[in-house]
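Q: Please take a close look at the salt bridges in this structure. I would like to know which residues pair up, where they sit, and how they relate to the parts around them.

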Amino acid sequence: MAIWGKIFGGVTGFAVGGPLGAALGTALGHAADSGTLLHPPAVGWSDRWAARARPDPNGAAAFVAAKLAATLGKKEQLYGLTCVILCAKLAKCDAPVNRREINAFKTRFRVPDENMRDIGRLFDMARQRTDDYEAFARELGQAYGKDKPPLEDLMGTLFAIARADLAADEPLAPEELRFLKRVHALFGLGRGAWERAEQGRARAAMGEDDAYTVMEVSASLSNEELRAHWKKLVRQYHPDVMAARNASPEEVQIASVRISKINAAWDIIKRERGL
């Protein structure tokens with residue numbers, strides 16, 4: 001990933017220190033001492049925070065950074081920040097973080113040496129608490145609602161970390177499985193994305209949203225309506241049908257390419273919907 005040099009400037013500095021982070025940390029520490037930190041504003045940070053007996057200025061700082069990145073449209077910063085936070089929280093949710101999980105994280109993201117210290121600080125801070133991961137996953141899912149591939153890539157990384165300390169046939173811990181299912185839902189990903197991430201397969205070359213575009217339909221259609229529309233397109237563009245209509249060789253070639261794309265899109269939609 002080539003974004004690590006960028007995510008520790010600006011708002012992301014709130015999460016790990018620096019002048020702005022130090023100022024925010026002081027303010028949050030004061031709020032914690034006075035008992036006001038865990039009374040979120042109407043727009044809220046997380047309902048879970050109000051239920052905690054002890055204030056969490058570090059967690060609050062991280063979420064302020066994520067919220068600011070999302071609000072200011074800094075998607076790269078939000079993505080990098082949330083990747084580290086979710087990976088750390090997943091690694092810790094079932095047991096203490098171990099070296100194999102850390103190595104799996106480093107292998108997937110290939111963090112440059114000059115950024116490793118800051119990434120490590122953020123990772124260590126994030127793993128101190130695991131019950132607030134949904135707020136971060138929700139922010140990222142909303143920011144990338146129309147750009148799903150990065151979310152699927154992150155799901156693959158989370159599965160790799162969860163399996164890093166397991167034997168080949170050993171099941172995931174219940175805590176990890178619950179974490180992954182909830183993140184998958186908050187990301188708004190389909191069934192196919194889950195299966196690819198779970199099995200360690202590369203994501204499809206065509207995204208689910210692109211598949212609906214290729215078929216010129218809305219994702220709101222029912223399974224029966226989609227199947228009927230696919231059959232209609234096959235009848236319209238199949239090369240044999242085109243040839244029977246005395247289409248030119250060029251038109252038949254164009255139709256062949258079109259029907260290949262339609263069938264590929266239909267395969268993706270079927271997998272996502274479990275058809």
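A: What follows goes through the salt bridges one by one and then turns to the core and a surface patch.

The model is predicted. It holds eight salt bridges, and three of them are described here, beginning with a pair inside one helix.

Arg138 forms a salt bridge with Glu134, and their closest N and O atoms are 3.9 Å apart. The cut-off for a salt bridge is 4 Å, so this pair is counted. Both residues belong to helix α8, where they stand four residues apart, about one turn of the helix. Glu134 has a relative accessibility of 17% and counts as buried, because buried means under 20%. Arg138 has a relative accessible area of 34%, so it is partly exposed. The two residues are also part of a network of salt bridges that links Glu134, Arg138 and Arg182.

Another bridge joins Arg196 and Glu152, with 2.6 Å between the closest N and O atoms. This pair links distant parts of the chain: Arg196 is in helix α11 and Glu152 is in helix α9, 44 residues apart. Both Arg196 and Glu152 are buried.

The side chains of Glu216 and Arg258 also meet in a salt bridge, at 3.5 Å from N to O. Here too, distant parts of the chain are linked, since Glu216 lies in the loop between α12 (208-214) and α13, while Arg258 lies in helix α15 (residues 249-273), 42 residues away. Glu216 has a relative accessible area of 57%, so it is exposed. Arg258, at 17% relative accessibility, counts as buried.

Next comes the nonpolar core. The largest one has 46 residues, and Leu154, Met155 and Phe187 have the most contacts inside it. Elements that give two or more residues to this core include α8 (133-143), α9 (149-163) and α11 (191-199). Helix α8 is the one that holds Arg138 and Glu134, and helices α9 and α11 hold Glu152 and Arg196. The largest share of the core, 11 residues, comes from α5.

Last, there is a group of charges on the surface. Arg227, Lys231, Lys232 and Arg235 gather there in a patch of positive charge. One of them, Lys232, lies in helix α13 (residues 223-237). Lys232 is partly exposed, because its relative accessible area is 48%. Patches are made of residues with over 30% relative accessible area and no salt bridge, so the members of this patch stand outside the salt bridges described above.

Notes. Residues numbered from 1 in each chain as written. Predicted model: local features only at pLDDT ≥ 70, side-chain atom pairs only at ≥ 80, totals over all residues. Heavy atoms only, no water. Patch = residues over 30% accessible without salt bridge, like charges linked within 9 Å, V, L, I, M, F, W, Y side chains within 5 Å. Areas by Shrake-Rupley, 256 points an atom, 1.4 Å probe, with all protein chains shown as cover. Lys, Arg positive; Asp, Glu negative; His and termini not counted. Charge placed at Lys NZ, Arg CZ, Asp CG, Glu CD. Buried < 20%, exposed > 50% of the residue type's maximum accessible area, 1.4 Å probe, protein only. Core = buried A, V, L, I, M, F, W, Y, C linked by side-chain atoms within 4.5 Å.
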